[in-house]
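Take a moment to turn the structure around before reading on. Then follow the chain with the text beside you.

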Amino acid sequence: MNKPIGRRPGPGTSRPAILAATRDIVAEVGVERASMRAIAARADVDPAAIYRFFDSKDELIAAALRPPDIATQVAAGLTASDDPARALVGGVLFAWEVPEVRAHLTALMRAAFTNDRAAELLRGVFTEQIVGAVQSAAHPDDSALRASLAASQVIGLALLREILGIEPLANESTERLVDVTAPTIERYLEGELSKPES
């Protein structure tokens with residue numbers, strides 16, 4: 001039997017393909033250069049099909065970049081571990097190895113530098129998901145500051161490694177990065193924080 005020729009049939013099967021294509025193209029060229037025509041071509045749909053699901057490019061971008069909830073995974077690791085610093089670094093870095101999470105976060109982090117909506121979504125990931133999960137494992141004194149410092153260290157590591165591809169971080173094993181980063185995270189979470197001189 002010959003395979004049918006033409007565009008992907010049925011709107012029900014098109015939405016996931018459109019969202020995946022949007023994430024891929026945004027990760028490659030950024031929000032401003034991600035055209036609806038290019039997204040449609042990557043998703044193998046007619047450009048008009050996109051507008052059956054989304055009223056505008058902004059709405060499409062927001063839906064495509066809405067990241068999965070990684071806080072549940074991070075929080076579970078922190079709760080179950082007697083070494084929350086290692087659990088935090090490992091939880092975030094290993095999350096990047098899950099294809100769906102990697103696709104979302106790569107597109108979101110790249111887009112956040114040029115798109116206000118993407119920046120807002122990234123702030124939500126940072127403040128609501130990551131910092132919120134970490135704060136529960138931090139010393140109660142200055143717990144919000146401690147959680148923000150720890151999260152910034154791990155997110156910065158992920159940015160340099162996964163987005164910018166800075167060597168030797170890009171090709172270093174996750175296990176070694178956990179080993180060398182965890183002591184710094186431990187100080188942020190439980191150690192003495194310098195206080196300003198009075």
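**A chain of helices**

Residues 24 or more positions apart account for 66% of the contacts in the protein chain with a separation of 6 or more. Keep in mind that this is a predicted model.

What are the elements of the protein chain? There are 10 helices and zero strands. Read from the N terminus, the elements run α-α-α-α-α-α-α-α-α-α. The protein chain has 198 residues, and buried residues make up 43% of them.

Now look inside. The largest nonpolar core holds 60 residues. Which of them touch the most other members? They are Leu65, Leu88 and Ile185. In soluble globular proteins, nonpolar side chains tend to be buried together.

Start with the helix pair α1 and α4. Helix α1 covers residues 14–29, and helix α4 covers residues 57–65. Their axes come within 9 Å and cross at roughly 90°. An angle from 65 to 115 degrees counts as roughly perpendicular, so α1 and α4 are roughly perpendicular to each other. On the α1 side, the contact is made by Ile18, Leu19, Thr22, Arg23 and Val26. On the α4 side, Leu60, Ile61, Ala63, Ala64 and Leu65 take part. The residues of this contact of α1 with α4 divide into eight nonpolar, one polar and one charged. Leu65 has already appeared in the core, as one of the residues that touch the most other members.

Helix α1 also packs with helix α7, which covers residues 99–111. Here the angle is about 45°, and the axes are 8 Å apart. That makes α1 oblique to α7. The crossing of α1 past α7 is left-handed. Arg23, Val26, Ala27 and Glu28 of α1 make the contact with Ala103, His104, Thr106, Ala107, Arg110 and Ala111 of α7. The residues of the contact of α1 with α7 divide into five nonpolar, two polar and three charged. Look for Arg23 and Val26 here: they also belong to the contact with α4.

Move along the chain to α9 and α10. Helix α9 covers residues 143–163, and helix α10 covers residues 174–190. They pack at an angle of about 160°, with their axes 8 Å apart. Are they roughly parallel or roughly antiparallel? Angles over 145 degrees count as roughly antiparallel, so α9 and α10 are roughly antiparallel to each other. Helix α9 passes α10 in a right-handed crossing.

Who meets whom in this pair? From α9 come Arg146, Leu149, Ala150, Gln153, Val154, Leu157 and Arg161. From α10 come Thr174, Leu177, Thr181, Thr184, Ile185, Arg187, Tyr188, Leu189 and Glu190. The residues of the contact of α9 with α10 divide into eight nonpolar, four polar and four charged.

Two residues of α10 deserve a closer look. Take Ile185, leaving aside its neighbours within four places in sequence. Ile185 is then in contact with Ala85, Leu88, Val89, Ala150, Gln153 and Val154. Leu88, like Ile185, is one of the core residues that touch the most other members.

The second is Tyr188, which sits in α10. Is Tyr188 buried or exposed? Its relative accessible area is 15%. Buried means under 20%, so Tyr188 is buried. Leaving aside neighbours within four places in sequence, Tyr188 is in contact with Arg146, Leu149, Ala150, Gln153 and Leu193. Tyr188 and Leu145 are 43 residues apart along the chain, yet their C-alpha atoms are separated by 8.7 Å.

Helix α5 offers another such pair. Gly77 is found in α5, residues 71–80. Gly77 and Ala133 are 56 residues apart in sequence and 9.9 Å apart in space, C-alpha to C-alpha. Gly77 counts as partly exposed, at 25% relative accessibility.

Finish with the loops. Most residues other than glycine have a negative phi, and most peptide bonds are trans. Now check three places against that background. Phi of Asp44 is near 60°, a positive value. Asp44 lies in the loop between α2 and α3, and is partly exposed at 32% relative accessibility. Phi of Asp142 is near 60° and positive too. Asp142 is in the loop between α8 and α9. With 41% relative accessibility, Asp142 also counts as partly exposed. The third place is Pro168, in the loop between α9 and α10. The peptide bond from Glu167 to Pro168 is cis, with omega near 5°.

Conventions:
Residues numbered from 1 in each chain as written. Predicted model: local features only at pLDDT ≥ 70, side-chain atom pairs only at ≥ 80, totals over all residues. Heavy atoms only, no water. Helix = DSSP H or I, 4+ residues; strand = E, 2+ residues; numbered from the N terminus. Buried < 20%, exposed > 50% of the residue type's maximum accessible area, 1.4 Å probe, protein only. Contact = heavy atoms within 4.5 Å. Axes fitted to C-alpha atoms, helices over the stretch in contact; angles between N-to-C directions. Parallel < 35°, antiparallel > 145°, perpendicular 65-115°, else oblique. Left-handed = near helix turned anticlockwise from the far one by under 90°. Nonpolar A, V, L, I, M, F, W, Y, C, P; charged D, E, K, R; others polar. Core = buried A, V, L, I, M, F, W, Y, C linked by side-chain atoms within 4.5 Å.
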